[in-house]
Amino acid sequence: MQEMIQKVREYVHSRWTLGELHGINHWDRVYANGKQLITPDVDPLVVGLFAYLHDSCRTEDGYDTTHGKRAAEWIDTLRDNYLKQLSDKQIEILKKACLLHTTTLKTGDPTIDACFDADRLDLWRADIIPDPEKMATEKGRQIARNTDYMALME
């Protein structure tokens, strides 16, 4: 699992041409956040891959409303090489998480919701304090409530 995530991380990073707001440092924090959100119902491989794929198809580091859709479509092109060990169900969940991560608050799917929160918990990088009430998981709410974001933003 870790080897697949690392290979995807390296590949996506090698293609990244935009700034840091949505780049490798953000992806690494989303991955770290995601590991904190794992429960028995959450697929850790999908959450790890989401960290490195969800912003991978941005055309700009600022406002880009269709980057999630492009990332979901791009996943199909990675299926036969970087993602060949994933089941059809894991691909479906990963694509849905990427597609909806900027438009949907909660889906009810534990893995997708963990992906959403892993990303949202890093909003402080853009001077936005994560709102516990906008987290999709209970663990996400707890982390948002108990993190000193002001210290992180200094």
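Start by selecting Arg58: at 12% relative accessibility, arginine 58 counts as buried, where buried means under 20% relative accessible area, exposed over 50% and partly exposed in between (1.4 Å probe, protein chains only). Before you go on, note that this is a predicted model, in which local features need pLDDT of at least 70 and side-chain atom pairs count only at pLDDT 80 or more, while totals for chains, interfaces and linings use all residues. Residues are numbered from 1 along each chain as its sequence is written, and side-chain values use heavy atoms, with hydrogens and water left out.

**Stop 1: Arg58 and its partner**

Now add Asp55 to the selection. The side chains of arginine 58 and aspartate 55 form a salt bridge, at 3.5 Å from N to O; the term stands for a side-chain nitrogen of Lys or Arg within 4 Å of a carboxyl oxygen of Asp or Glu. Aspartate 55 is buried as well, with a relative accessible area of 2%.

**Stop 2: the pockets**

Keep Arg58 in view and bring up His101, Thr102, Asp119 and Leu123. Of the 26 residues that line the largest pocket, these five, Arg58 included, are the closest to its centre. The space in this pocket comes to about 500 Å³. A pocket here is found on a 1 Å grid over the protein atoms alone, as an open set of points where a 1.4 Å probe fits, with protein on both sides within 12 Å along at least five of seven lines; lining residues have an atom within 4 Å of a point. Grid points are joined across faces, edges and corners, and the volume is the space filled by probe spheres set on the points.

Try colouring the lining by class: you will find 9 nonpolar, 9 polar and 8 charged residues. In this scheme Ala, Val, Leu, Ile, Met, Phe, Trp, Tyr, Cys and Pro count as nonpolar, Asp, Glu, Lys and Arg as charged, and the others, Gly among them, as polar.

For the second largest pocket, select Met1, Glu3, Met4, Lys7, Asn81, Tyr82, Lys84 and Gln85, which line it. Its volume is about 160 Å³, and its lining divides into 3 nonpolar, 2 polar and 3 charged residues.

**Stop 3: the nonpolar core and H3**

Next, select Leu49, Tyr52, Leu53, Leu83, Leu94 and Cys98, the residues with the most contacts inside the largest nonpolar core, which has 44 residues. Such a core is a set of buried Ala, Val, Leu, Ile, Met, Phe, Trp, Tyr and Cys residues joined through side-chain atoms within 4.5 Å. Two or more residues each come from H1 (2-15), H2 (24-36), H3 (44-53), H4 (67-78), H5 (88-100), H6 (110-120) and H7 (138-146). Helices are DSSP runs (H or I, at least four residues), numbered from the N terminus.

Which helix gives the most to this core? H3 does, with 8 residues. Show H3 alone for a moment: 9 of its 10 residues are buried, so the helix is largely enclosed by the rest of the structure. Bring the other helices back and you can see the buried residues of H3 pack against H1, H2, H4, H5 and H6.

Zoom in on Tyr52. Not counting residues up to four places away in sequence, tyrosine 52 touches Ile5, Val8, Arg9, Val12, Ile24, Trp27, Asp28 and Tyr31, where contact means heavy atoms within 4.5 Å.

**Stop 4: more salt bridges**

Two of those Tyr52 neighbours, Arg9 and Asp28, deserve their own selection. Their side chains meet in a salt bridge at 2.9 Å, N to O. Aspartate 28 lies in helix H2 and arginine 9 in helix H1, so the pair ties together parts that are 19 residues apart in sequence. Both count as partly exposed: aspartate 28 at 26% relative accessibility and arginine 9 at 21%.

Move to H4 and pick Lys69 and Glu73, whose closest N and O atoms are 2.7 Å apart in another salt bridge. Being 4 residues apart in H4, the two are separated by about one helical turn. Lysine 69 is partly exposed at 44%, and so is glutamate 73 at 42%.

Then select Arg29, Asp122 and Arg125, which are linked in a network of salt bridges. The whole structure has 12 salt bridges.

**Stop 5: two last residues**

Asp117 sits in helix H6 and is buried, with a relative accessible area of 0%. Leaving aside neighbours within four places in sequence, aspartate 117 is in contact with Leu37, Met135, Ala136, Thr137 and Gly140.

Finish on Asn146 in helix H7. Is asparagine 146 buried or exposed? Asparagine 146 is exposed, at 67% relative accessible area. Draw a distance from its C-alpha atom to that of Pro132, 14 residues away along the chain, and the separation is 9.4 Å.
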